[in-house]
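Open the model in your viewer and set it to a cartoon view. The tour below goes from the whole chain to single residues.

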Amino acid sequence: MKPAYTTVSPSGRLSLPAGFRKSLGLERGGDVVVELVEREIRIRTIDEVVAEAQALTRRLLADKPQASVEAFLAERRCKAERE
């Protein structure tokens, strides 16, 4: 998508061009995550952020077949009983 010119209002509001909103699935608005990376502002949908976190979790836990919430809670219970 080609860059677009827009303005930040004195109150800090920024209007995203319709094409950008449409490509992100935000035609009717929605929640986003705004990040400052070096000197770039990045806007991502919540779904994109969650999908990235899930992919990272799968990679980090790939070699741990017992990695689950249930296994974590069981481990914490055992540890609490020992204390």
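Helices and strands here are DSSP runs, numbered from the N terminus, with at least four residues for a helix and at least two for a strand. The model is a predicted one.

**Whole chain**

Start with everything selected and colour by secondary structure. The protein shows three helices and two strands, and reading along the sequence gives the pattern α-β-β-α-α. Its radius of gyration is 20 Å, well over the 12 Å that the globule rule gives for 83 residues, so the protein is more spread out than a compact globule. Turn the C-alpha trace along its principal axes and the span is about 60 × 30 × 25 Å.

Now switch on the surface. The accessible area of the protein is about 7,800 Å², and carbon and sulfur atoms hold 55% of that. Of the 83 residues, 2% count as buried. Among contacts with a separation of 6 or more, 5% come from residues 24 or more positions apart.

Colour the charged side chains next. There are 15 positive and 13 negative ones in the protein, and the centres of the two sets lie 5 Å apart.

**The strand pair**

Select residues 32-37, which form strand E1, and residues 40-45, which form strand E2. In which sense do E1 and E2 pair? They pair in the antiparallel sense, over six bridges. To see one position across the pair, pick Val-34: Ile-43 in E2 stands opposite.

**The turn**

Move to the hairpin of E1 and E2, where two residues lie between the strands. Select Glu-38, which sits in the loop between E1 and E2. Check the backbone angles there: Glu-38 has a positive phi of about 55 degrees although it is not a glycine. Is the Glu-38 side of this loop buried or exposed? Glu-38 counts as exposed because its relative accessibility is 77%, and the cut-off for exposed is over 50%.

**A buried residue in E2**

Finish on Thr-45, which is placed in strand E2. Thr-45 has a relative accessibility of 9% and therefore counts as buried, the cut-off being under 20%. Show what surrounds this residue: leaving out residues up to four places away in sequence, Thr-45 touches Leu-24, Leu-26, Asp-31 and Val-32. Display those four with Thr-45 as sticks to view the contacts together.

Terms used. Residues numbered from 1 in each chain as written. Predicted model: local features only at pLDDT ≥ 70, side-chain atom pairs only at ≥ 80, totals over all residues. Heavy atoms only, no water. Pairing = 2+ DSSP bridges. Buried < 20%, exposed > 50% of the residue type's maximum accessible area, 1.4 Å probe, protein only. Contact = heavy atoms within 4.5 Å. Rg over C-alpha atoms; globule rule 2.2 N^0.38 Å. Areas by Shrake-Rupley, 256 points an atom, 1.4 Å probe, with all protein chains shown as cover. Lys, Arg positive; Asp, Glu negative; His and termini not counted. Charge placed at Lys NZ, Arg CZ, Asp CG, Glu CD.
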